[in-house]
Amino acid sequence: MESVNPETSGAVTPNQEAATSSGGLIRLEGVTKVFYTDEVETHALSGIHLDIKSGEFVSIAGPSGCGKSTLLSLLGLLDSPTDGKYWLNGKEVEDLDMGQRARIRNREVGFVFQSFNLIGDLNVYENVELPLTYRGMPGSERKARVTEALEKVGMAHRMKHYPSQLSGGQQQRVAVARALCGKPSILLADEPTGNLDSKNGEAVMELLHQLHREGATICMVTHDPRYARLADRSIHLFDGRIVDETTSKAEEII
Ligand SMILES: Nc1ncnc2c1ncn2[C@@H]1O[C@H](COP(=O)(O)OP(=O)(O)OP(=O)(O)O)[C@@H](O)[C@H]1O
Ligand SMILES: [Mg+2]
């Protein structure tokens, strides 16, 4: 377990060099997130220190409202910390302008949400292709990537189907293909099995586990301890703080 808490370890302040030389993909240092609404302050995250290495599978658990989705939003550059520092791939995120953030989000981060978030007017192929189109990738390369990703999740035979014509489990497999086809540095999954029955949930988890064995870095929110055990490391959040962290053996599967 490589997590470094500068408060307790006495580590020097990490910099870009340290983050990359340790194989670190993600480093959060003293990250807080406060939401301000109608004179109410919500402290969603407080003093988060977190390191994720390339190739790691990390799960995040904790009660509703403890900050899990907020943490994934920050990791995926959908939102910014109120305070603290975030290095992604050795780059300090705060220094990036809007264009750079959007570019990194498109290229380095793959998202999978509980509610699949596929576009209803686009078929399976087009849904998976969309992030690559935004990237300006040539058509022939897009086709190869989309086909490869759909084959990987076992959905190549449903390319022309629309999301409404698929089961929940199939939709989530397409969402995983969409997240994968850009070959991101990290896959962020927020309760990816939350809307699925146990059979489909297990299939999607087996898929994520397979991707991890092939080298993908994954950070996943899950309430299910069976799925959390698939991860190399499980982080427990409570009231916006990391209160527990355990490493687990990948052999004890499902
Ligand atoms: N955009 C926002 N504006 C104001 N408060 C917010 C916003 N987003 C989240 N919060 C608050 O921040 C806290 C953490 O929310 P978050 O969505 O991260 O919880 P969670 O752990 O993902 O919960 P759940 O398990 O229910 O999905 C909550 O108290 C929530 O009300
Ligand atoms: Mg949530």
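Student: In which loop does Asn117 have its place?

Tutor: In this predicted model, Asn117 belongs to the loop between β6 and α5.

Student: Why does Asn117 count as partly exposed?

Tutor: Asn117 has 13 C-beta neighbours inside 10 Å. A residue is exposed at 12 or fewer and buried at 20 or more, so Asn117 falls in between and counts as partly exposed.

Student: What is the phi of Asn117?

Tutor: Phi of Asn117 is near 55°, a positive value in a residue other than glycine. Most residues other than glycine have a negative phi. Glu191 is also a residue other than glycine with a positive phi, near 45°.

Student: Where is Glu191 found, and how do you know whether Glu191 is buried or exposed?

Tutor: Glu191 is in the loop between β7 and α8. Its C-beta has 21 others within 10 Å; the cut-off for buried is 20 or more, so Glu191 is buried.

Student: What places Ser69 in its burial class, and in which helix is Ser69 found?

Tutor: Ser69 is found in helix α3. Ser69 has 19 other C-beta atoms within 10 Å. Because the buried class begins at 20, Ser69 is partly exposed.

Student: Which residues does Ser69 contact, leaving aside its neighbours within four places in sequence?

Tutor: With those neighbours set aside, Ser69 is in contact with Asp190 and Val221. Ser69 and Ala189 are 120 residues apart in sequence, while their C-alpha atoms are 9.4 Å apart in space. For the protein as a whole, 70% of the contacts with a separation of 6 or more are between residues 24 or more positions apart.

Student: How do you know which residues are around ligand 1?

Tutor: The test is a C-beta atom within 6 Å of the molecule. The residues around ligand 1 are Phe35, Thr37, Thr42, Ala44, Gly62, Ser64, Gly65, Cys66, Gly67, Lys68, Ser69 and Thr70. Helix α3 gives the largest share of this shell, three residues. Each of β1, β2 and α3 supplies at least two residues.

Student: How does the shell around ligand 1 divide by class?

Tutor: The shell has eight polar, three nonpolar and one charged residues. Glycine is placed among the polar residues by this scheme, so Gly62, Gly65 and Gly67 of the shell count as polar.

Student: Why is α7 described as largely enclosed by the rest of the structure?

Tutor: Of the 13 residues of α7, 11 are buried, so the helix is largely enclosed. Among the buried residues are Arg173, Val174, Val176, Ala177 and Leu180. The elements that cover them include β6, α5, α6, β7 and α8.

Student: How does the span of α7 compare with the expected value?

Tutor: Helix α7, residues 168-180, reaches 18 Å from its first C-alpha to its last, close to the 18 Å expected at 1.5 Å a residue.

Student: Which residues have the most contacts inside the largest nonpolar core?

Tutor: The largest nonpolar core has 66 residues, and those with the most contacts inside it are Ile60, Val128, Val176, Ala177, Leu188, Ile218 and Cys219. Helix α7 gives the most to this core, six residues. In soluble globular proteins, nonpolar side chains tend to be buried together. Beyond four places in sequence, the residues that Ile60 touches include Leu71, Cys219, Val221 and Leu237.

Student: What covers β8 on its faces?

Tutor: Both faces of β8 are covered, with Ile218 and Met220 buried on one side and Cys219 and Val221 buried on the other. In a regular strand, side chains alternate between the two faces of the sheet.

Student: What makes β3 and β8 a pair?

Tutor: Four bridges join β3 to β8, and the strands run parallel. Pairing needs at least two bridges, so these strands pair. Cys219 of β8 is the bridge partner of Val58. Four bridges also link β7 and β8 in the parallel sense, with Ala189 standing opposite Met220.

Student: Why are β2 and β5 called edge strands?

Tutor: The order of the open, antiparallel sheet is β2-β1-β4-β5. Strands β2 and β5 are its edges: each pairs on one side only. Strands β4 and β5 pair over two bridges, and Trp87 stands opposite Glu92. The minimum for pairing is two bridges, so β4 and β5 meet it.

Notes
Residues are numbered from 1 along each chain as its sequence is written. Chains are lettered from A and ligands numbered from 1 in the order in which they are written. This is a predicted model: local features need pLDDT of at least 70, side-chain atom pairs count only at pLDDT 80 or more; totals for chains, interfaces and linings use all residues. The expected span of a helix is 1.5 Å times one less than its number of residues. Two residues are in contact if their C-beta atoms, placed from the backbone, lie within 7 Å. A nonpolar core is a set of buried Ala, Val, Leu, Ile, Met, Phe, Trp, Tyr and Cys residues joined through C-beta atoms within 7 Å.
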